[in-house]
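Work through the exercises below with the coordinates open. Each task is followed by a solution in steps.

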Amino acid sequence: MTPLPIGTIERRFRLFLQGRGLRVTPERIQILYAVLETEEHLQADELAFRLKRAGSRVSRATVYRTLVHLVEAGLVRKVDFGEGHAHYENAVKGDGHHDHLICETCGKVIEFLDPQVEKIQEEIAARYQFLLTGHQFQLSGTCEDCRKQLVNNTD
């Protein structure tokens, strides 16, 4: 999947907001760009902090509300890693769907895409005559760095 040009993404968001009777504000556009420009899985509070640190006057509440709109517009994906809060990632960056490996020790997230996982999920959906619209697949464990650290600490 080829990434959409940033201008196209911004236009989509503007049209989405206008279609819902919402104002297109500079703050909302700033938040859009901030999410699109990072490769990380951001928490809303982290995003608000980064914007403030960069000199923006965007409020924390505006960040939270705008993230909801971005998810509804299909431009941002909301991901739950089981920590009690959501993370957000760019949904239109061009690499398409992916799944996650999550280190329970350090919190590291590794993205992966495996055709076998995709095939199995389609087979399961077909078996149950289920119209699949998406999925989240997460594997939890311990990353290589943390395992090495654990081994080195026991020597």
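The exercises go from the whole chain to single residues, and the model they use is a predicted one.

**Exercise 1. The chain as a whole**

Task: State how many helices and strands the protein chain has, and in which pattern they follow along the sequence.

Solution:
- Step 1. The protein chain contains six helices and five strands.
- Step 2. Read along the sequence, their pattern is α-α-α-α-β-β-β-β-α-β-α.
- Step 3. The chain has 155 residues, and 35% of them count as buried.
- Step 4. Among contacts with a separation of 6 or more, 52% are between residues 24 or more positions apart.
- Step 5. The accessible surface comes to about 10,100 Å². Carbon and sulfur atoms contribute 52% of this surface.

**Exercise 2. Packing of H1 and H4**

Task: Classify the mutual orientation of helices H1 and H4 and list the residues that meet.

Solution:
- Step 1. Helix H1 covers residues 6-19 and helix H4 covers residues 60-72.
- Step 2. Their axes come within 10 Å and cross at roughly 105 degrees.
- Step 3. Angles of 65 to 115 degrees count as roughly perpendicular, so H1 and H4 are roughly perpendicular to each other.
- Step 4. On the H1 side, the residues in contact are Phe13, Phe16 and Leu17. They meet Thr66, His69, Leu70 and Glu72 of H4.

**Exercise 3. Salt bridges**

Task: For three of the salt bridges, give the N to O distance and place the partners in the chain.

Solution:
- Step 1. A search of the whole structure yields five salt bridges. The cut-off is a side-chain nitrogen of Lys or Arg within 4 Å of a carboxyl oxygen of Asp or Glu.
- Step 2. Arginine 14 and glutamate 10 pair at 2.8 Å, N to O. Because these two residues are four apart in helix H1, about one helical turn separates arginine 14 from glutamate 10. Arginine 14 is partly exposed at 31% relative accessibility, whereas glutamate 10 is buried at 15%.
- Step 3. Aspartate 45 and arginine 60 pair at 2.7 Å, N to O. This pair links distant parts of the chain: aspartate 45 belongs to helix H3 (residues 44-53) and arginine 60 to helix H4, 15 residues apart. Aspartate 45 has 35% relative accessibility and so counts as partly exposed.
- Step 4. Glutamate 46 and arginine 50 pair at 2.8 Å, N to O. Both lie in helix H3, four residues apart, so about one helical turn separates glutamate 46 from arginine 50. Glutamate 46 is partly exposed at 31%, and arginine 50 is partly exposed at 23%.

**Exercise 4. The loop between H5 and S5**

Task: Decide whether tyrosine 128 is buried or exposed, and do likewise for glutamine 129. Then describe the nonpolar patch that includes Tyr128.

Solution:
- Step 1. Tyrosine 128 sits in the loop between helix H5 (115-127) and strand S5 (138-141). Glutamine 129 is also placed in the loop between H5 and S5.
- Step 2. Exposed means over 50% relative accessible area. Tyrosine 128, at 59%, therefore counts as exposed. Glutamine 129, at 77%, therefore counts as exposed.
- Step 3. Ile120, Ile124, Tyr128, Phe130 and Leu132 make up a nonpolar surface patch. Together they have about 520 Å² of accessible area.
- Step 4. Glutamine 129 has a phi near 50 degrees, which is positive in a residue other than glycine. Most residues other than glycine have a negative phi.

Conventions
Residues numbered from 1 in each chain as written. Predicted model: local features only at pLDDT ≥ 70, side-chain atom pairs only at ≥ 80, totals over all residues. Heavy atoms only, no water. Patch = residues over 30% accessible without salt bridge, like charges linked within 9 Å, V, L, I, M, F, W, Y side chains within 5 Å. Areas by Shrake-Rupley, 256 points an atom, 1.4 Å probe, with all protein chains shown as cover. Buried < 20%, exposed > 50% of the residue type's maximum accessible area, 1.4 Å probe, protein only. Axes fitted to C-alpha atoms, helices over the stretch in contact; angles between N-to-C directions. Parallel < 35°, antiparallel > 145°, perpendicular 65-115°, else oblique. Contact = heavy atoms within 4.5 Å.
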